[in-house]
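Visitor: I've got a model open and would like to talk it through with you. Could you walk me around it?

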Amino acid sequence: MLEELARTGRDPATNGYLRDAWSPPELELREWFAGEAARRGLDLREDRNGNLWAWWGDPAREPGVVTGSHLDSVRQGGAYDGPLGVVSAFAALDVLKNRDFRPNRPLGVACFTDEEGARFGVPCVGSRLLTGMLTPERALTLKDDEGDTLADVLTKAGRDPRGLGRDDETLAQVATFVELHVEQGKALVRLDRPVGVAQAIWPHGRWRFDFHGRADHAGTTRLPDRDDPMLPFARLVLAARDAASRRDIVATIGKVRVSPNNANAVPGLVSAWLDARGPDETDVRALVEELRPLAAGAVSEESWTPVVDFDHGLRERLAAVVGGDTPAPILPTGAGHDAGILAAAGVPSAMLFVRNPTGVSHSPEEHAEQADCQAGVVALASVLEELCR
Ligand code: GLV
Ligand code: MN
Ligand code: MN
């Protein structure tokens with residue numbers, strides 16, 4: 001299945017993926033999902049927020065166990081972040097069917113919409129809308145880099161933006177959610193284990209810093225006469241690194257918009273996106289407050305996700321099922337996931353991580369060995385069997 005998906009949205013120049021939510025490649029991936037569901041005789045539903053659900057059994061009668069992930073990517077992302085969880089979900093169902101396992105409750109495969117937030121800036125749009133963590137009023141006005149709102153984009157994709165919002169009916173169908181994901185770090189390499197279980201997700205957020213200045217000629221404007229927003233922006237980049245390292249947390253500026261972006265002009269406006277994360281919310285908040293005065297304009301919080309501590313009983317049960325004699329390792333992560341959003345909304349949720357030999361992620365270099373992916377599928381099948389017994 002990963003091979004089937006390998007070409008969709010791939011940039012031949014870099015081998016990175018461009019799978020923005022609701023873009024042509026992502027729509028193609030949604031079609032692929034529908035085909036896989038149909039091939040297995042699963043009932044496909046798209047909820048009001050664009051999330052896809054493929055059910056074995058009827059969750060309207062009794063809530064079910066759901067597994068899955070997302071098919072969108074960060075820009076120039078890897079092949080595994082998201083898709084590994086979706087293909088492993090289908091593959092685990094195949095394993096169960098081959099074992100003649102008959103689940104005694106409905107079993108679902110989910111594909112959440114716009115997990116990465118690459119296009120509209122807010123991550124986990126599908127699961128946040130589903131759970132009410134993001135209001136439809138705010139979601140509909142989010143704009144992409146072309147200036148199109150989510151409402152415009154949904155309408156163009158043939159969806160009704162008026163349907164967006166908290167969806168208790170769909171949420172009530174999910175008794176438990178398990179997301180398998182490629183590890184985004186090297187803990188499993190160090191522990192010499194192919195599969196681990198998630199312990200917690202660090203609190204994290206994104207802030208836009210605006211630096212207003214005055215656009216002017218690069219050749220004729222004397223240095224003392226300039227109001228160049230690139231200078232305070234440069235100070236922010238260095239200060240963010242310093243503030244993060246003092247607190248032993250992480251802070252990143254990975255996206256910048258320079259306006260008008262001419263080589264021969266002093267810019268008039270620089271906008272920079274700060275992503276900050278750490279085990280303790282207090283440190284992350286303190287870092288943002290320390291940096292806030294460096295902006296030469298507004299600072300806006302575009303998303304915030306509080307700490308997620310996954311259900312202790314569930315994670316230990318999964319570690320035992322996956323690990324056999326030596327329970328699978330239970331690991332914290334600095335990466336956000338739909339499983340974290342569902343957990344925050346009160347759905348018992350858990351995650352499995354599959355070893356990543358280099359630890360690299362959000363990059364074309366992201367990788368997982370086939371044997372480890374297969375170990376992940378077997379682990380997920382055993383987990384589903386346990387939860388559906
Ligand atoms: C999602 O991958 C995130 O943590 O940014
Ligand atoms: Mn990601
Ligand atoms: Mn992901």
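Visitor: How far does a polar side-chain atom of arginine 277 lie from an oxygen atom of ligand 1?
Guide: Bear in mind that this is a predicted model. Arg277 is one of the residues around ligand 1, and a pair of N or O atoms counts as a polar contact within 3.5 Å. The distance from a polar side-chain atom of arginine 277 to an oxygen atom of ligand 1 is 2.7 Å.

Visitor: Which residues are around ligand 1?
Guide: Start with the polar side chains: glutamate 116 has an N or O atom 3.1 Å from an oxygen atom of ligand 1, and histidine 362 has a polar atom 3.0 Å from one. By type, the shell splits into 1 nonpolar, 2 polar and 2 charged residues. The full set is Glu116, Arg277, Ala335, Gly336 and His362.

Visitor: How much of the accessible area of ligand 1 does the protein cover?
Guide: Histidine 362 puts a polar side-chain atom 3.0 Å from a ligand 1 oxygen. On its own, ligand 1 has 190 Å² of accessible area. The share of that covered by the protein is 93%.

Visitor: Which residues coordinate the manganese ion (ligand 2)?
Guide: The donors sit at 2.0 to 2.7 Å, and along the sequence their residues follow the spacing D-x34-E-x245-H. Glu116 is listed twice, with OE each time, next to an OD of Asp81 and the NE2 of His362. So the pattern D-x34-E-x245-H reads as Asp81, Glu116 and His362.

Visitor: Which residue coordinates both the manganese ion (ligand 2) and the manganese ion (ligand 3)?
Guide: The two ions are 3.7 Å apart. Ligand 2 takes an OD donor from this residue. The residue that coordinates both ions is aspartate 81.

Visitor: How many residues apart are glutamate 116 and histidine 362?
Guide: Both coordinate the manganese ion (ligand 2). Glutamate 116 is in the loop between β6 (107–112) and α4 (125–131), while histidine 362 is in the loop between β17 (349–354) and α13 (370–388). This pair links distant parts of the chain, and the separation is 246 residues.

Visitor: Is glutamate 116 buried or exposed?
Guide: The cut-off for buried is under 20% relative accessible area. Histidine 362, at 40%, counts as partly exposed. Glutamate 116 has 6% relative accessibility, so it counts as buried.

Visitor: What is the radius of gyration of the protein?
Guide: The fold has 13 helices and 17 strands. For 389 residues the globule rule gives 21 Å, and the protein comes close to that, so it is as compact as a globular protein of that length, with a radius of gyration of 22 Å.

Definitions and conventions: Residues numbered from 1 in each chain as written. Chains lettered and ligands numbered in written order. Predicted model: local features only at pLDDT ≥ 70, side-chain atom pairs only at ≥ 80, totals over all residues. Heavy atoms only, no water. Near = heavy atom within 4 Å. Polar contact = N/O pair within 3.5 Å; in protein donor to acceptor, adjacent residues only side chain to side chain. Areas by Shrake-Rupley, 256 points an atom, 1.4 Å probe, with all protein chains shown as cover. Nonpolar A, V, L, I, M, F, W, Y, C, P; charged D, E, K, R; others polar. Donors = N, O, S within 2.8 Å, 3.2 Å for Na, K, Ca; no water. Helix = DSSP H or I, 4+ residues; strand = E, 2+ residues; numbered from the N terminus. Buried < 20%, exposed > 50% of the residue type's maximum accessible area, 1.4 Å probe, protein only. Rg over C-alpha atoms; globule rule 2.2 N^0.38 Å.
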